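User: I'm new to reading protein models. Could you walk me through this one and explain the terms as we go?

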Amino acid sequence: MASHAANLWVLLGLGLAGIFLMTKRLKKTIKADFGAFIQKLELLPPPQPAPPKAPHPLTGLNFTVSDVFDIEGYVTGFGHPDWLRTHEPSTRTSPVVLALVEGGATCIGKTVVDELAYSIHGENKHYSTPTNPAAPARIPGGSSSGAAVAVAADFVDFSLGIDTLGGIRVPAAFCGVIGFRPSHGVISNTGIIPVSSSLDTVGLFAKDPSTLRRVGLVLLQLPFSVQRNPKQILLADDCFELLKIPKDRISQVVTNSTEKHFGRQVLKHENLEKYFSSKVPSLKEFYSQKINGDSKFSSLTLLANVAQILQRYEFKCTHGEWINSEKPVLDSAISAQINETLDMTDKEIEICKSIRTEMRLAVNNLLKDDGILVIPTTAYPPPKLGSKEIFSDDYQNRSFSLLSIASISGCCQVTLPLGYHDKCPVSVSFIARHGGDRFLLDTVQTVYSSLQEHADTVAKSKLSPNAVNQEHSAEVVKEKGNQAYKDKQWQKAIGFAYVYLFFLLLSLFH
């Protein structure tokens, strides 16, 4: 009888586990490579120099590149099979890729991007959406979705992507890895398909700050300098109000870590809405030209509008002829944006350029050489796959209000993971002035471990009563089931097994 009950317990567990796995499989089949790769390949570094010369700085690291970077002999696919079909193999490898290989790293493949690298969602119907390793039922974020997934799944040490309006920062936030958008123009975009030239920058994903810094210094080609600590860390209070999760889940972590490393006197608070309203005068001119006097728009919302208009305008200038001639099948949301009539006068283009110039000056003056601006990376946690939430005005406005700050100003930004909230990755972003890339990477190196420790502490203290009660109830049922089995109360043991597995399924499907 004991053997029979034990077998029933095992069979019951296997049966329910099988049902669970089958249900998950019906929802989404997870590929062995998480759907991150478009093409596997291998670019090997040169031999190590003979002693006493130092070894290559990136020795032992491997990486992938998003499918917007040219590699000799391969067609750069740009996230769309029609682009792949209508273009020839590249005759040269992008200089930024060559620099990494010559620095000692090995390139092992090309990764998926959104259609024409245009959106921030990470969904691609042509090559399938890469699976988010941190939250498989949720979108990975885009446009450099596959590159973020490759790092999050530990396939590579780092990866390259492109950030226009969040193409690095959003997938980093959603997949729980570090994402770095360097200052605009400091890394060559040669050999990379442009999306919006005034906003595009080569970006980088890494799993840890040490790798980020090693690779970042090679890409930026920066000379040695003495590391400096920030003298001011500014929390943008109005940006934290945009969050759809409790704001202290992020702000408290940053506050605790800053006080530990640099002292409380370094912490300051800023209202960016008011600051940009006073320091970026061309926003008012843009407001009168495009918004027709609607008083509900804040300066952050206006920046979001400027960024999206610039992206659309420059994209159409670059790729409009190909789209009109080839008529590629596009996702409806992307097609609506690209094909929307956009009548931009020369004056309006000049206003947008003025806003870019004023924004860079405003952020540089705010942060100077020793300041860090702290904002949430994204307002929303990663939405569920297939969710219509990503198309809502609220999602778009909140997202681009945060993302446009670095995109328009051209300043550098790092996205840092801070654990989980309700089983979704949480992140924060640090911004430094344009050209302050090394200072930003050094600051991240200093505070990263502390941020992770405080994030873990805050997350544990913020567990919802329901989650705590569920976990406690499951453990109680498990103990009762074990005791019933020991007491040879077979029916009770099997009953408790059902209840315990129900709790497990409940937590997994949350």
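## Cavities, crossings and odd bonds

User: How do the residues lining the largest cavity divide by class?

Analyst: There are eleven nonpolar, four polar and no charged residues in that lining. Nonpolar means Ala, Val, Leu, Ile, Met, Phe, Trp, Tyr, Cys or Pro, charged means Asp, Glu, Lys or Arg, and the others, Gly among them, are polar. Before we go on: this is a predicted model, where local features need pLDDT of at least 70 and side-chain atom pairs count only at 80 or more, while totals for chains, interfaces and linings use all residues. Numbering starts from 1 along each chain as its sequence is written, and side-chain values use heavy atoms, without hydrogens or water.

User: What makes a space a cavity, and how many of 30 Å³ or more are there?

Analyst: On a 1 Å grid over the protein atoms alone, a cavity is a set of points where a 1.4 Å probe fits but cannot get out. The structure has three of 30 Å³ or more. The largest cavity has a volume of about 130 Å³, counted as the space filled by probe spheres set on the points.

User: Which residues line the largest cavity?

Analyst: A lining residue has an atom within 4 Å of a point, and 15 residues line this cavity. T378, Y380, P425, V426 and S427 lie nearest its centre. The elements giving two or more residues are α5 (169–175) and β11 (424–432), with β11 giving the most, three residues. These names come from DSSP runs, numbered from the N terminus: helices are H or I with at least four residues, strands E with at least two.

User: What about the second largest cavity, which residues line it?

Analyst: Its volume is about 110 Å³, and among its lining residues are Y118, H121, L165, Q308, A333 and F400. Two or more residues come from each of α11 (299–326), α12 (332–339) and α14 (393–409). α12 gives the most, with three residues. By class, this lining has six nonpolar, six polar and no charged residues.

User: Why is α3 called oblique to α6?

Analyst: The axes of α3 (residues 95–102) and α6 (residues 209–220) come within 10 Å and cross at roughly 125°. That angle makes α3 oblique to α6. Under 35 degrees would be roughly parallel, over 145 roughly antiparallel and 65 to 115 roughly perpendicular, and the rest count as oblique. V96, A99 and L100 of α3 make the contact with V215, V218 and L219 of α6; contact means heavy atoms within 4.5 Å. By class, this contact has six nonpolar, no polar and no charged residues.

User: How do you know how α9 and α11 are placed relative to each other?

Analyst: The axes of α9 (residues 272–279) and α11 come within 8 Å and cross at roughly 65°. α9 and α11 are therefore roughly perpendicular to each other. L272, E273, F276 and S277 in α9 meet S299, L300 and L303 in α11. This contact has four nonpolar, two polar and one charged residues.

User: Where are the cis peptide bonds from P51 to P52 and from G142 to S143?

Analyst: The bond from P51 to P52 is cis, with omega near 10°, and P52 is in the loop between β1 (37–43) and β2 (62–66). Between G142 and S143, omega is about 15°, and S143 is in the loop between β3 (106–111) and α4 (145–152).

User: What is the phi of D154?

Analyst: It's positive, about 65°, although D154 is not a glycine. D154 lies in the loop between α4 and β4 (158–163).

Note on methods
1 Å grid on protein atoms, 1.4 Å probe; cavity = no way out; pocket = protein on both sides within 12 Å on 5 of 7 lines; lining within 4 Å. Axes fitted to C-alpha atoms, helices over the stretch in contact; angles between N-to-C directions.
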